[in-house]
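Welcome, and please take a moment to turn the structure around before reading on. We will go through it step by step.

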Amino acid sequence: VPFIQYMKPKRIHMYTVIQIMFFVGVFAVQNIKAISIAFPFMTLMCIPGRLFLLPRLFEKWELTLLDGNEEDIKDLVESGELEGGGDGKKMEDGPGHTDIQVIDLGDSSNASNSGRAVNEYSDGV
């Protein structure tokens with residue numbers, strides 16, 4: 001999960017709060033009968049919010065890490081532009097840093113393979 005390595009948790013939380021506000025707005029309009037006619041408009045307004053509001057609050061590289069596709073994220077990480085959250089190096093391990101072990105479970109339709117991966121992980125912890 002590259003954004004954890006390169007972004008400060010405060011920035012990630014700010015992005016999450018904004019996304020929740022978008023969701024609450026759409027959900028409220030959908031469920032209040034008096035204004036539910038505006039539901040398509042509220043849904044549509046999420047697009048300009050992403051295109052114009054979020055770039056004012058976040059750097060382009062941050063948005064790529066937070067909601068970009070995997071290919072763009074991989075290109076950004078490999079380019080070396082990110083090393084350090086925009087200042088040339090990765091964020092240092094600090095009190096809020098946690099190492100996360102990622103396990104490739106492979107094809108999810110192969111249940112025996114998934115079980116093996118989970119058991120291997122739990123044996124190592």
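What follows is a short walk from the overall fold to some of its side-chain contacts and its surface.

Keep in mind from the start that this is a predicted model. The protein has 6 helices and 0 strands, so you can follow the chain simply as α-α-α-α-α-α from the N terminus on. Of its 125 residues, 18% are buried.

A good place to begin is helix α4, which spans residues 60-67. How much of α4 is buried? The answer is 6 of its 8 residues, so the helix is largely enclosed by the rest of the structure. Those buried residues are W61, E62, L63, T64, L65 and L66. Among them is E62, a charged residue, and its relative accessible area is 5%. Buried here means under 20% relative accessible area, which is why E62 belongs to that class.

What does the side chain of E62 meet? Its partner is R11, and the two form a salt bridge with 2.7 Å from N to O. This contact reaches between distant parts of the chain, since R11 sits in helix α2 (residues 9-31) while E62 sits in helix α4, 51 residues apart. The two ends of the bridge have their own surroundings: R11 is partly exposed at 24% relative accessibility, whereas E62 is buried.

The count of salt bridges comes to 2, and D67 and R50 make up another one, again with 2.7 Å from N to O. Here D67 of helix α4 is linked to R50 of helix α3 (residues 39-57), and the partners are 17 residues apart. D67 is partly exposed, with a relative accessible area of 33%, and R50 is partly exposed too, at 28%. Helix α4 thus takes part in a link to α2 through E62 and in a link to α3 through D67.

Now let us turn to the aromatic rings. A pair of rings is described by the distance of the centres and the angle of the planes. How many aromatic pairs are there? The count comes to 2. In one of them, the rings of Y15 and F58 have centres 5.8 Å apart and planes at 80°, so this pair is edge-to-face. Y15 belongs to helix α2 and F58 to the loop between α3 and α4, so the contact ties together parts that are 43 residues apart in sequence. Both Y15 and F58 are buried.

F23 and F27 form a stacked pair, with 5.8 Å from centre to centre and 25° between the planes. Both of these residues lie in helix α2, 4 residues apart, which is about one turn of the helix. Are F23 and F27 buried or exposed? F23 is exposed, with a relative accessible area of 56%, and F27 counts as partly exposed at 44%.

Our last stop is a negative patch on the surface, formed by E71, D72, D75 and E78. Of these residues, D72 lies in helix α5, which covers residues 70-79. D72 is partly exposed, with a relative accessible area of 38%. A residue needs over 30% relative accessible area to join such a patch, so D72 meets that requirement.

Terms used
Residues are numbered from 1 along each chain as its sequence is written. This is a predicted model: local features need pLDDT of at least 70, side-chain atom pairs count only at pLDDT 80 or more; totals for chains, interfaces and linings use all residues. Side-chain values use heavy atoms; hydrogens and water are left out. Patches are made of residues with over 30% relative accessible area and no salt bridge: like charges are joined within 9 Å, nonpolar side chains (Val, Leu, Ile, Met, Phe, Trp, Tyr) within 5 Å. Accessible areas come from the Shrake-Rupley method with a 1.4 Å probe; for residues, only the protein chains shown count as cover. A salt bridge is a side-chain nitrogen of Lys or Arg within 4 Å of a carboxyl oxygen of Asp or Glu. The place of a charge is taken as NZ of Lys, CZ of Arg, CG of Asp or CD of Glu. Helices (H or I, at least four residues) and strands (E, at least two) are DSSP runs, numbered from the N terminus. Buried means under 20% relative accessible area, exposed over 50%, partly exposed in between (1.4 Å probe, protein chains only). Rings of Phe, Tyr and Trp (its six-membered ring) pair if their centres lie within 6.5 Å; planes under 30 degrees apart count as stacked, over 60 as edge-to-face and the rest as tilted.
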